Amino acid sequence: LRIGLARPASHLGQQRLLAVGALGGGGTLSLKTALEMLGFSPCYHMMEVFQNPSHIRVWDDAAHGQPMDWKAFLGSYRAAVDWPVCHFWRELREAFPNAKFLLTERDPESWYKSFSQTIQAVLQIDLENVTDPLRLEHAGMARYMIGELTFGNDYTKENVIAAYKAHNEAVKQAFGKDLLVYDVKQGWGPLCAWLGVAVPAAEFPRTNTTEDFLARIAPMAVGK
C-alpha cells in the first residue's frame, strides 16, 4: 500500500503520540492504523494485549496500584491508544513529558451506542463455560480496569455516559491548549496539521465496525 507520505518516518525522530483520551468506542483501531501509516509505528492498542499474553499481568498489576516502569514497558512503541493505555493517562503524562497527547471525542450518544454494542457486550459475556486460563485472566483484568474502575460496574446508559464525559473533561482540564481534541470522522486534515506531517494519498482508514469488532474480539475474549 502506497500512502504517499511526503516525509519519511525519520522526520518524526523520537516524537511520541499518546491518545490518552481515546476510550474504546471512539474509533481507536482506525486511529491506530492511521498513526502507523503516518510513521508512528508500532502503536499500542488493546489488540497488543491479545497478541502478547504476558502483558495481561502487567496491566492488571498496574490497575491494582503496583509501580510501573512505563518507559521500559512502552518504550518501543511510538504511539498508544485505547484501553488499557487510556486508563493511565496521568501516569503516562509524567513518564513521557515530551509526548504529544490527543483526546478522541465524539457525540456521547453515538459513542455510547458503539461502546454498548462492542466493548460492553464483550465485558458482559458469560464466562461460565470458558476454561482457557489466559482468556479468564484477560477478562479479569479488563473487567476490573474498565468495568469496576472506570464505570463502577454500573452499565446503565446514564452512568456510562456520565463517566465518559467526566473522563474527557478531566483530560481537557489537565492538558489545556496543548491537547488535540479529535474525532476520527474528521479524517487526515486536523491530525496531520497538528503533527506537522503531509496528508497521505491513501484514504483515512475506516476500520472496526460493530460487526467487525464482534467477529474478531468476541471469539478471542472467550477463547474460541
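This report describes the sheet, the first helix, the nonpolar cores and the cysteines of a predicted model.

The sheet is open and consists of five strands in the order β2-β3-β1-β4-β5, with parallel pairing. Strands β2 (43-44) and β5 (180-182) each have a single partner strand and stand at the edges, so one side of each lacks a neighbour in the sheet. Two bridges join β2 to strand β3 (residues 79-80) in the parallel sense, and Cys43 stands opposite Ala79 in β3. Helix α9 packs on the sheet, where it touches β4 (100-104) and β5. The direction of α9 makes about 150° with that of β4.

The largest nonpolar core holds 45 residues, of which Tyr44, Trp59, Trp70, Leu74, Trp83 and Phe151 touch the most other members. Helix α9 (residues 157-175) gives the most to this core, contributing six residues. A second core of 22 residues is separate and includes Ala34, Val81, Leu195 and Phe204.

Helix α1 (residues 28-37) is mostly covered, with eight of its 10 residues buried. The buried residues in α1 are Thr28, Leu29, Ser30, Leu31, Lys32, Ala34, Leu35 and Met37. Just after α1, Gly39 adopts a positive phi of about 105°.

Two cysteines are compared below by relative accessible area.

| Residue | Relative accessible area | State |
|---|---|---|
| Cys43 | 0% | buried |
| Cys192 | 1% | buried |

The structure holds zero disulfides. A disulfide is a covalent bond between the sulfur atoms of two cysteines.

Conventions
Residues are numbered from 1 along each chain as its sequence is written. This is a predicted model: local features need pLDDT of at least 70, side-chain atom pairs count only at pLDDT 80 or more; totals for chains, interfaces and linings use all residues. Side-chain values use heavy atoms; hydrogens and water are left out. A disulfide is a pair of cysteine sulfur atoms within 2.5 Å. Buried means under 20% relative accessible area, exposed over 50%, partly exposed in between (1.4 Å probe, protein chains only). A nonpolar core is a set of buried Ala, Val, Leu, Ile, Met, Phe, Trp, Tyr and Cys residues joined through side-chain atoms within 4.5 Å. Helices (H or I, at least four residues) and strands (E, at least two) are DSSP runs, numbered from the N terminus. Two strands pair if DSSP finds at least two bridges between them. Contact means heavy atoms within 4.5 Å. Axes are lines fitted to C-alpha atoms, for helices over the stretch in contact, and angles run from 0 to 180 degrees between N-to-C directions.
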